[in-house]
Amino acid sequence: MKHVAIDFHFVHELVAEKKLNVSHVPTSHQLADLLTKPLSSSQHHFLKSKIGVIEDTSILRGHVGVLT
C-alpha cells in the first residue's frame, strides 16, 4: 500500500500543478484490452484500428510472394 500511496500523491500533485490532465476513458476504449482479454470480433477490430494495426501486414516476414 505504501507504493500506491506514493503514486497517488505524485499524480495528485501533478494534476494540482496542471502538469498532468487526467480524463475518463470508457471501458470500451481501453487499448490494453486488445492484448490482455478475449474480445468480440467487432471490439477487436475497433481497438486494432485505434492503435493503427493494418490488415494483412507482417513486419516479421516482410513481403511474401509466390514462389516459381
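This is a dialogue about reading a predicted model of one protein chain.

Me: Where should I begin, and how many helices and strands does the chain have?

Reply: A good start is to list the elements before looking at single residues. In this predicted model, the chain has three helices and zero strands, and read from the N terminus the elements follow the order α-α-α.

Me: How much of the chain is buried, and how much area does the chain expose?

Reply: Of the 68 residues in the chain, 7% count as buried. The exposed area of the chain is about 6,500 Å², and carbon and sulfur atoms supply 63% of that area.

Me: Which residues of helix α3 are buried?

Reply: Helix α3 covers residues 41-50, and its buried residues are Gln43, Leu47 and Lys48. Seen down the axis of α3, these buried residues fall within an arc of 130 degrees, so they line one face of the helix.

Me: What does that face pack against, and which residues lie on the other side of α3?

Reply: The buried residues of α3 pack against α2, which spans 33-36, while Ser41 and Ser42, on the other side of α3, are exposed.

Me: What can I note about the backbone just after α3?

Reply: There the residue to look at is Gly52, which takes a positive phi of about 85 degrees.

Me: How should I read the salt bridges, and how many are there?

Reply: The general idea is that side chains of opposite charge can pair when their charged atoms come close. For this structure, the count comes to two salt bridges. In one of them, Lys19 pairs with Glu17, and their closest N and O atoms are 3.3 Å apart. In the other, Asp33 pairs with Lys37, with the closest N and O atoms 3.6 Å apart.

Me: Are the partners Lys19 and Glu17 buried, partly exposed or exposed, and what is the case for Asp33 and Lys37?

Reply: It helps to take each residue in turn and compare its relative accessible area with the cut-offs, since buried means under 20%, exposed means over 50%, and partly exposed lies in between. Lys19 has a relative accessibility of 63%, so Lys19 counts as exposed, and Glu17, with a relative accessible area of 40%, is partly exposed. In the other salt bridge, Asp33 has a relative accessibility of 11% and therefore counts as buried, whereas Lys37, at 47% relative accessibility, counts as partly exposed.

Terms used: Residues numbered from 1 in each chain as written. Predicted model: local features only at pLDDT ≥ 70, side-chain atom pairs only at ≥ 80, totals over all residues. Heavy atoms only, no water. Helix = DSSP H or I, 4+ residues; strand = E, 2+ residues; numbered from the N terminus. Buried < 20%, exposed > 50% of the residue type's maximum accessible area, 1.4 Å probe, protein only. Areas by Shrake-Rupley, 256 points an atom, 1.4 Å probe, with all protein chains shown as cover. Arc of directions from axis to C-beta. Contact = heavy atoms within 4.5 Å. Salt bridge = Lys/Arg side-chain N within 4 Å of Asp/Glu carboxyl O.
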